[in-house]
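This report describes selected features of one protein chain for a reader at the bench. The sequence and the structure are shown first.

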Amino acid sequence: MRDTIAAIASGITASGIGIVRISGPGAFRVLEKIFRFANPTKKVSTQKANTIHYGYIYDGDEKIDEVLVMLMKAPHTYTAEDTVEIDCHGGPYVMQQILSTALRAGARMAEPGEFTKRAFLNGRIDLSEAEAVMDVIGAGSEDALKSSLMQLGGSLKREITELREEIITEVAFIESALDDPEHYDLTGHTAEMTQNINKILGRLKKLSSSFNEGRLVREGIYTVILGKPNAGKSSLLNYVSGMERAIVTDIAGTTRDTLEETVRIGGIVLRIADTAGIRNTGDVIEKIGVERALMSADRADLILAVFDTSLPLSEEDEKIFEKIKGRRAIVLLNKSDLAPAFDVEEIRTRCDSPVISISAKEETGIDELARVIRDMFFGGQLHINEQIMITNVRHKECVEDAIRSLQLVMDAIIEGMPEDFFTVDLMDAYAALGRILGEQVEDDLVETIFAKFCMGK
Ligand code: GDP
């Protein structure tokens with residue numbers, strides 16, 4: 001029998017309403033000790049399930065808060081256990097007080113993610129859904145949130161379950177034919193099986209490749225800003241981040257360090273490394289910065305190349321044009337509020353990257369930038385409403401294991417191996433996909449997954 005756990009389920013920053021949640025077989029007993037109904041003749045134990053009651057939380061004789069309590073009975077609750085939610089005032093101090101009173105009354109402090117873990121262990125949700133809960137809470141952007149919500153709605157689970165059914169149907173057919181050759185004939189079956197497995201492989205590969213797009217949605221697009229000193233890199237970073245993060249100066253070469261900043265443009269998350277400008281210099285510190293900028297550019301998902309339109313193009317600018325050739329890059333012609341010192345149209349014709357005029361100072365051009373990024377990475381918009389997407393590296397590994405196993409089956413078919421050879425690899429693929437849903441997942445993996453989730457955040 002599990003014990004009874006309690007935690008502050010809402011954020012712990014000050015807000016109008018806070019929620020303290022208690023879950024487990026002793027949830028009602030704990031509440032009985034700390035809650036008094038406004039009507040003193042009522043008792044917790046005699047109340048119906050799924051009812052809400054008005055009253056007060058008491059620590060001994062001391063009234064702590066005026067609250068509403070929700071009584072929910074197993075199994076129709078989030079954790080599938082008896083659950084009490086105390087709707088209290090949302091001050092951090094009062095929530096902590098209520099929580100410690102509940103702990104003294106017999107509950108144990110919940111571990112991070114333990115409510116969701118219980119929902120999984122009690123079989124109410126599968127592992128991909130539990131992970132989606134954590135992703136929803138940790139989602140950094142609207143698109144990441146949508147994708148997690150979709151996963152929470154069970155779309156990944158449905159796809160995986162369907163694929164597993166198709167795999168097990170193949171296994172079942174082979175097994176039946178081996179057991180009962182009179183009724184099931186394997187002759188000529190390999191052609192059909194090849195076709196079926198190819199279809200399954202196609203769907204798995206699509207899932208696997210959705211991961212990269214999923215990563216960009218979840219973690220953000222790793223972006224490097226390149227530009228010679230004073231082109232306006234720091235100003236751009238400040239503009240998009242809406243705060244004074246990097247140091248802006250008129251002295252060339254003051255942005256020496258690689259700062260990383262997460263910004264959101266039109267719903268897309270960019271992880272921007274602001275690096276020192278590119279220039280020929282004998283200054284050691286500056287050189288480190290330059291090298292770092294170039295190195296970061298190699299790892300970048302996106303390069304934003306900033307040019308100062310008010311000055312003629314320099315050798316350093318040419319270097320940057322070289323650097324972005326064949327890369328996912330956007331040319332930003334900054335300081336468009338000033339008179340141009342070179343032919344802007346010429347840049348547009350000679351450059352294979354999109355070119356946008358902006359002014360970091362006047363704050364113009366960012367909508368266009370957001371649109372171009374969307375076009376570049378997500379074909380205009382994110383298709384996450386239609387596409388089932390993998391956003392989790394563990395899921396990707398499982399899908400790839402399944403692909404490898406099915407590939408072995410295909411190889412065996414080509415080599416003309418007997419059918420009973422196939423079932424082992426088919427079952428491996430079946431098991432690999434099962435791990436996404438949490439079947440046969442070792443306990444420590446479950447621990448790791450749930451520990452990632454930090455309540456109070
Ligand atoms: P960085 O060295 O590339 O990071 O350049 P900064 O962001 O420090 O900008 C250098 C100078 O250019 C600062 O004085 C900025 O105020 C100025 N600046 C940046 N963007 C613009 C712009 O769009 N228009 C104008 N007129 N000045 C700008």
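The text below moves from the whole chain to a helix pair, a loop residue and contacts of aromatic rings.

**Overall composition**

The model is predicted. Its protein chain has 457 residues, of which 49% are buried. The secondary structure consists of 15 helices and 13 strands. Among contacts between residues at least 6 apart in sequence, 67% join residues at least 24 apart.

**Helices H13 and H14**

Helix H13 spans residues 393-414 and helix H14 spans residues 422-437. The two helices pack at an angle of about 170°, and their axes are 8 Å apart. Because angles over 145 degrees count as roughly antiparallel, H13 is roughly antiparallel to H14. The residues of this contact comprise 14 nonpolar, 2 polar and 5 charged. On the H13 side they include Cys398, Val399, Leu406 and Val409. On the H14 side, Phe422, Leu426, Leu433 and Ile436 are among them. Charged participants include Arg394 and Asp401 in H13, together with Asp425, Asp428 and Arg435 in H14.

**Asp126 in its loop**

Asp126 lies in the loop between helix H3 (114-121) and helix H4 (127-138). Is this residue, Asp126, buried or exposed? Its relative accessibility is 8%, and since buried means under 20%, Asp126 counts as buried. Leaving aside residues up to four places away in sequence, Asp126 touches Phe120, Lys157 and Leu437. Of these partners, Lys157 is 31 residues from Asp126 in sequence, while the C-alpha to C-alpha distance between the two is 8.0 Å. Another partner, Leu437, is the residue at which the range of helix H14 ends.

**Aromatic rings**

The structure holds 3 aromatic pairs. One of them joins Phe35 and Phe37 in an edge-to-face arrangement, with 4.9 Å centre to centre and 75° between the planes. The angle is over 60 degrees, which is why the pair counts as edge-to-face. Both partners are buried: Phe35 has a relative accessible area of 5%, and Phe37 has one of 7%.

Arginine side chains also lie over aromatic rings, as the table shows.

| Arginine | Ring | Distance to ring centre |
|---|---|---|
| Arg36 | Tyr58 | 3.7 Å |
| Arg350 | Phe321 | 4.3 Å |

In the first row, the charged end of Arg36 sits over the ring of Tyr58. In the second, Arg350 lies over the face of Phe321.

Conventions
Residues numbered from 1 in each chain as written. Predicted model: local features only at pLDDT ≥ 70, side-chain atom pairs only at ≥ 80, totals over all residues. Heavy atoms only, no water. Phe/Tyr/Trp six-rings, centres within 6.5 Å; stacked < 30°, edge-to-face > 60°. Buried < 20%, exposed > 50% of the residue type's maximum accessible area, 1.4 Å probe, protein only. Lys NZ or Arg CZ within 6 Å of the ring centre and 35° of its normal. Axes fitted to C-alpha atoms, helices over the stretch in contact; angles between N-to-C directions. Helix = DSSP H or I, 4+ residues; strand = E, 2+ residues; numbered from the N terminus. Parallel < 35°, antiparallel > 145°, perpendicular 65-115°, else oblique. Contact = heavy atoms within 4.5 Å.
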